[in-house]
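Biologist: Could you take me through this model? I would like to begin with the way its helices pack.

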Amino acid sequence: MSEALQDLLDLLDLEQIEEDIFRGRSRSAVVPRVFGGQVAAQALVAAGRTVPADRHAHSLHAYFLRPGDPGAPIVYTVERIRDGRSFTTRRAVGVQHGRPIFALSASFQTYEDGLDHQAPMPPAPDPATLPTSRERLRGYDHLPPDVVEKFLEAREAVDLRYVEEPPYGLFGAPRPPHSPVWFRTNGKLEQDDPLLHVVLATYVSDMTLLDSVLLAHGRGGWAVGDVVGASLDHAMWFHRPFRADEWLLYDQESPSAYGGRGLGQARMYTQDGRLAVSVVQEGVVRVPREDSR
């Protein structure tokens, strides 16, 4: 296991400070606020630690309320909404400086047999044939070195490989709003805990989901400064078991952008074609006022 992956696991391993109250550390991201995927993952950890082990996360719905301060811890309070015979519902709120910055509702279910069908996995190249993040980013002379280093540091725990050029790699002209990405953790995980693998997928899910919004308008994104934005809300459905240390295809697209907001929707498939996760996110995507093209 890489040191960066161990650091990420430590970041997601919350301290319990009271019954149903947990504390998490923060760290800097590419932008000067707490990375949204970190907050979502930590909130899911907090919620999951109040649920019986035989109940696995099947969905989450969340709102990003305020930017997080990377220099301060986040306290998560969990409310036990319902414990039914098959389903358990939890609500977790992340608080910094006395104010809520994030709210999450999550549902957990015991395993049961049922109907089974899925959308087919789209064609995609073998991830082993694609350049790593480091190989791609080192080849972009138009990106400032400090931006490249921030990207590499933020993604050091994850092996993330774009099938096509990311928005910050090729911009200036609109492209189809479709962005497939392969990812897995940068190292094998010793733990088989299903919650950990779901939490890690939640963490990664916020990294690239709004890329397809940018592609539709030929924008390079926050890395090149031609848009400003932030995540607003986030929803995930966990359909089938998977491991975050094995390749997942994150197939992302944007059906709409309007009113300063952009919508991204995506599916995560295992390498053998099983639909594991569905994701939808809306974010603020604004063009700087001095750039009206």
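Modeller: Helix 1 and helix 5 are roughly perpendicular to each other, because angles of 65 to 115 degrees count as such. Their axes come within 12 Å and cross at roughly 100°; axes are lines fitted to C-alpha atoms, for helices over the stretch in contact, and angles run from 0 to 180 degrees between N-to-C directions. Helices (H or I, at least four residues) and strands (E, at least two) are DSSP runs, numbered from the N terminus.

Biologist: Which residues make the contact of helix 1 and helix 5?

Modeller: Helix 1 contributes Leu 8, Leu 9 and Leu 12, and helix 5 contributes Leu 196, Val 199, Leu 200 and Tyr 203. Contact means heavy atoms within 4.5 Å.

Biologist: How do the residues of that contact divide into nonpolar, polar and charged?

Modeller: Seven are nonpolar, none is polar and none is charged. Here Ala, Val, Leu, Ile, Met, Phe, Trp, Tyr, Cys and Pro count as nonpolar, Asp, Glu, Lys and Arg as charged, and the others, Gly among them, as polar.

Biologist: Before we go on, what kind of model is this?

Modeller: This is a predicted model: local features need pLDDT of at least 70, side-chain atom pairs count only at pLDDT 80 or more, and totals for chains, interfaces and linings use all residues. Residues are numbered from 1 along each chain as its sequence is written, and side-chain values use heavy atoms, with hydrogens and water left out.

Biologist: Which residues of helix 1 are buried?

Modeller: In helix 1 (residues 3-12), Ala 4, Leu 5, Leu 8, Leu 9, Leu 11 and Leu 12 are buried, meaning under 20% relative accessible area with a 1.4 Å probe, protein chains only. They cover an arc of only 155° around the axis, which puts them on the same side of helix 1; the arc is that of the directions from the helix axis to the C-beta atoms.

Biologist: What covers them?

Modeller: The cover includes helix 2, strand 8 (178-185) and helix 5 (194-208).

Biologist: Now the sheet. What is its strand order?

Modeller: The sheet is open, with twelve strands in the order 1-2-4-5-6-3-9-12-11-10-8-7 and antiparallel pairing. Two strands pair if DSSP finds at least two bridges between them.

Biologist: Which strands stand at the edges?

Modeller: Strand 1 (15-18) and strand 7 (158-162) do; each has a single partner strand, so one side of each lacks a neighbour in the sheet.

Biologist: How many bridges join strand 9 to strand 12?

Modeller: Ten, with the two strands running antiparallel. Val 228 has Arg 286 of strand 12 as its bridge partner.

Terms used
Buried < 20%, exposed > 50% of the residue type's maximum accessible area, 1.4 Å probe, protein only. Parallel < 35°, antiparallel > 145°, perpendicular 65-115°, else oblique.
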